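Biologist: Please take a close look at a single part of this model. I would like one connected account of the strand you choose and what surrounds it.

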Amino acid sequence: MIGVNGPAVVADDVSIEYRVPGARPIRAVDGVSLTVRSGEILALLGESGSGKSTFAATIAGQFGARGEGEGAQRRHIVGGELTVLGQKTRGLRASSRRFARLTGRIGYLAQDAADRLSPDLTVGEAIAEPIYARDRRFDRKAAGLIVARLVDAVHLPLGVMRLNTWELSSGQRQRVALAQALVLEPQLLVADQPARGVDVLVRQSVLEALASLQQGRQFSAVVVSSDLREARALADRVAVMSEGRLVGLGTFDEVLDSPVDPYVKTLAATAARPVKRRPGGAAGTGAAGSAAAGGPRRSSAPRRPAAAGAGPRTDRQENA
């Protein structure tokens with residue numbers, strides 16, 4: 001078993017299928033092998049339908065159904081072994097304590113996370129939801145401090161904590177969703193299109209918030225993206241997927257300088273102009289590299305926080 005100071009993710013020939021009763025399985029990921037080092041950001045690139053979102057969601061422990069009703073399809077690891085934060089996940093039951101402990105150490109930012117924020121909650125309450133889902137009795141004052149720090153960290157004014165989520169712009173809601181994914185101090189963040197649906201003028205601020213949080217907290221991250229320039233500015237290394245298979249893995253220069261796969265060649269053709277790299281450079285240098293050598297920083301903050309004005313709503317709050 002890989003210890004918590006080892007790689008954050010080890011995928012060994014992993015294959016994933018969607019299954020629905022009465023229909024043939026759909027192979028979404030086929031024989032993927034890669035490692036996410038401790039403290040690094042790995043970008044997952046690929047066309048729509050390449051399997052990158054399925055792979056990322058599986059890393060995050062999202063084994064629930066895709067879709068609703070009779071046509072719902074459930075993800076299954078059908079080949080290889082996927083180890084996340086030292087825990088083998090193939091065959092792990094979602095109802096088990098091991099699964100609960102594992103997912104408590106993983107933050108997941110879904111593609112539609114901003115749209116999923118409840119319009120009936122204030123920003124503070126929305127960010128604190130994961131805290132109270134695990135501990136309804138968590139101290140409200142301690143929760144408030146934790147949420148306030150995160151609101152500041154994602155470049156939002158503290159005053160938004162009292163606003164309802166529907167009152168925010170798309171870029172602000174995306175940053176709230178990012179704060180919600182990080183509120184339990186995860187060791188691993190899986191972010192699927194973190195700047196999706198955000199106006200181009202504020203997209204950079206969302207990505208900068210993610211980068212600065214990762215550098216400060218030294219968690220590992222898997223970031224799904226369809227934008228090469230954004231991925232290159234954010235991540236240490238890149239994994240390129242096409243039709244469910246891994247067709248490129250390494251630093252951006254390694255993958256793009258000598259492309260063989262047709263899709264990687266297309267990516268390389270779009271990377272003609274230089275891109276500003278994020279501070280710290282590739283894995284092995286800077287903050288991310290030092291974390292890879294020494295393992296993720298263990299935060300002294302409580303594992304299950306919440307926020308002022310972020311707890312279960314009372315009648316007094318409703319009428320305030």
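Modeller: Both faces of strand 8 are covered. On one side sit Leu188, Val190 and Asp192, all of them buried. On the other side, Leu189 and Ala191 are buried as well. Keep in mind that this is a predicted model. Strand 8 spans residues 188-192, and five of its five residues are buried, so the strand is largely enclosed by the rest of the structure. Buried here means under 20% relative accessible area.

Now the strand's partners. Strand 7, residues 106-109, runs parallel to strand 8, and four bridges join the two. One contact point is easy to find: leucine 109 has alanine 191 of strand 8 as its bridge partner. That alanine belongs to the buried side that also holds Leu189. Strand 9, residues 220-225, also pairs with strand 8. The sense is again parallel, over five bridges. Here leucine 188 is bridged to serine 220 of strand 9. Leu188 itself lies on the buried side with Val190 and Asp192.

For another piece of packing, turn to two helices. Helix 4 (residues 123-134) and helix 5 (residues 140-153) pack at about 120 degrees, with axes 10 Å apart. Angles of 65 to 115 degrees count as roughly perpendicular and those over 145 as roughly antiparallel, so helix 4 and helix 5 are oblique to each other. Their crossing is right-handed. Helix 4 contributes Gly124, Ile127, Ala128 and Tyr132 to the contact. Helix 5 brings Arg140, Ala143, Val147, Leu150 and Val151. By class, the residues of this contact are seven nonpolar, one polar and one charged.

How values were computed
Residues are numbered from 1 along each chain as its sequence is written. This is a predicted model: local features need pLDDT of at least 70, side-chain atom pairs count only at pLDDT 80 or more; totals for chains, interfaces and linings use all residues. Side-chain values use heavy atoms; hydrogens and water are left out. Axes are lines fitted to C-alpha atoms, for helices over the stretch in contact, and angles run from 0 to 180 degrees between N-to-C directions. Angles under 35 degrees count as roughly parallel, over 145 as roughly antiparallel, 65 to 115 as roughly perpendicular and the rest as oblique. A crossing is left-handed if the near helix is turned anticlockwise from the far one by less than a right angle, and right-handed if clockwise. Contact means heavy atoms within 4.5 Å. Ala, Val, Leu, Ile, Met, Phe, Trp, Tyr, Cys and Pro count as nonpolar, Asp, Glu, Lys and Arg as charged, and the others, Gly among them, as polar. Buried means under 20% relative accessible area, exposed over 50%, partly exposed in between (1.4 Å probe, protein chains only). Two strands pair if DSSP finds at least two bridges between them.
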